[in-house]
Amino acid sequence: MQFAYSKHYFIETALLYIHDHCIGSRKISCLCLLDLSAAFDTIDHNILLTRLSSWFRIRGSSTAVNWFRSYLSSRCFRVKCNNNLSSLHTWLCGVPQGSVLGPLLFVMYTTPLSTIISSMSLNLHLYADDTQLFLSFHPSEFHSNIIHLQNALRQISSWMTANLLTLNSSKTEFLLIGLKQQLSKINDSSLTTTHSARNLSFIFDEHLTFSDQISAHSKSCYYHIRELRCTANAIATSIVHSKLDYCNSVYHDLPNYQLNRLQQIQNSLARAVVKAPKSSHITPILKSPHWLKVNERIEYKLLSLNYKVLTTSQPSYLNNLISVQPPRRTRSSSVVTLSRPPTISSLKITDRSFSYASPRLWNQLPDSFRQPRQSCLDSPPHSLVI
């Protein structure tokens, strides 16, 4: 369950998975975000070598063991300030920062953590040194589930202490996510929660309105827009559009008043690029640089992710959320069609989930976009090549 530094696994797919879980459960979800202090710098070399042996079977006096021991040991460092250099000091712990192997060694070092958390019946998502725990329950089960979560955190903290990692309790956050009617039924003050929390640089709030996230984007984007009045389209796209597109797949089917806030950012950016007055009609201005509108960019992102999942079956947790209908044997109907999950809730928020939105958007594409290669028509659904 460690999804950093792996092909097809990145921040947006992780956030989309958590977003889908919170919406799909139709219960209250508690999201617990754990923070490690200087995680890469505190890895104990002896524990790491033992873990390579016990978990990954790199054992004995083999060349591989000696290579890892040589790679980790006898490293020195010193500090330079202006033209002054400190004396050399031996690096007794940690993995080299900025190295290709460093992140992989960290993932191997923390491998037992996902097994421990899973054994406690908690959902988890690890991304580098960020640990996210989440579980869903009915309001009446709040007290028992929070006690279970707190007990789990004590075990996690004990494991980290035993492995010389430091859990930063002051930065650990708890966020309860649910409908207003559900959250209003909880009056227990045994857990200090927040109304919003930054998760992998993306702000989740208790009702998944993403109002705080969009506000933060607005503040940052408008600042850059003011600075970009005299810049080229390419620079505007790289600085502001990259923020608008950041993890925008979770914005799908948000209320219009929220999407309009993002659209106003793009409108202002477009006017700045073409040096048009604020009162000018925006449609021809957006067409000039060939920009998709915000809602279209969101749908394009979802379809792109859907395409990648269909062609690679990765990441596995999103692959499990979509189902391909078996192709028919007629040439005219041999297109990739996704099955929509059964509607078991009348709540409109369910339509925002990836598992519901993805099949609807995909099946609306023209047949020519959903035509598989002939050689793949007889393949299993998850082996289709588009």
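Student: How many of the contacts between residues at least 6 apart in sequence join residues at least 24 apart?
Tutor: In this chain, 69% of them do. Keep in mind that this is a predicted model.

Student: What helices and strands does the chain have?
Tutor: It has 14 helices and 13 strands. The C-alpha atoms fill a box of roughly 65 × 60 × 55 Å along the principal axes.

Student: And how much of the chain is buried?
Tutor: Buried residues make up 46% of the 386. The chain exposes about 19,900 Å². Carbon and sulfur atoms supply 53% of that area.

Student: What about charges?
Tutor: There are 37 positive and 21 negative ones. Their mean positions are 6 Å apart.

Student: Let's go inside. Which residues in the largest nonpolar core touch the most other members?
Tutor: Phe202, Phe204, Phe210, Tyr251 and Leu269. That core has 62 residues. Apart from it lies another core, of 46 residues. Phe40, Leu49, Leu133 and Ile186 are among the residues of that other core.

Student: Back to leucine 269. What does it touch, beyond residues up to four places away in sequence?
Tutor: Leucine 269 touches Ile225, Leu228, Ala236, Val240, His241 and Trp291.

Student: Switching to strands. Is S9 mostly covered or mostly open?
Tutor: Covered. S9 spans residues 173-177, and 4 of its 5 residues are buried.

Student: How does S1 run against S9?
Tutor: Antiparallel, with 5 bridges joining the two. S1 covers residues 28-37. Cysteine 32 stands opposite phenylalanine 174 in S9.

Student: Now helix H14. Why is it called largely enclosed?
Tutor: Because 8 of its 10 residues, in the stretch 354-363, are buried.

Student: Which ones are buried in H14?
Tutor: Phe354, Ser355, Tyr356, Ala357, Ser358, Pro359, Leu361 and Trp362.

Student: And what covers those buried residues of H14?
Tutor: The cover includes helix H1 (11-24), helix H12 (294-312) and helix H13 (316-319). Strand S13 (338-339) is also part of the cover.

Student: Where is glutamine 325?
Tutor: In the loop between strand S12 (323-324) and S13.

Student: Why does glutamine 325 count as partly exposed?
Tutor: Because its relative accessibility is 37%, and partly exposed covers values between the 20% and 50% cut-offs.

Student: What is glutamine 325 in contact with, leaving aside neighbours within four places in sequence?
Tutor: Thr337, Leu338 and Ser339. Glutamine 325 and serine 339 are 14 residues apart along the chain, yet 5.8 Å separates their C-alpha atoms.

Student: Any odd backbone? Which peptide bond is cis, for instance?
Tutor: The one from glutamine 314 to proline 315 is cis, with omega near -10°. Proline 315 is in the loop between H12 and H13.

Student: What is the phi of arginine 57?
Tutor: It is near 60°, a positive value in a residue other than glycine. Most residues other than glycine have a negative phi.

Student: Where does arginine 57 lie?
Tutor: In the loop between helix H2 (45-56) and helix H3 (63-72). Arginine 57 is exposed, with a relative accessible area of 70%.

Student: And what is phi for serine 121?
Tutor: Serine 121 has a positive phi of about 60°, although it is not a glycine. Its place is in the loop between helix H5 (111-119) and strand S6 (123-127).

Student: Is serine 121 buried or exposed?
Tutor: Exposed, with a relative accessible area of 66%.

How values were computed
Residues numbered from 1 in each chain as written. Predicted model: local features only at pLDDT ≥ 70, side-chain atom pairs only at ≥ 80, totals over all residues. Heavy atoms only, no water. Helix = DSSP H or I, 4+ residues; strand = E, 2+ residues; numbered from the N terminus. Buried < 20%, exposed > 50% of the residue type's maximum accessible area, 1.4 Å probe, protein only. Contact = heavy atoms within 4.5 Å. Areas by Shrake-Rupley, 256 points an atom, 1.4 Å probe, with all protein chains shown as cover. Lys, Arg positive; Asp, Glu negative; His and termini not counted. Charge placed at Lys NZ, Arg CZ, Asp CG, Glu CD. Pairing = 2+ DSSP bridges. Core = buried A, V, L, I, M, F, W, Y, C linked by side-chain atoms within 4.5 Å.
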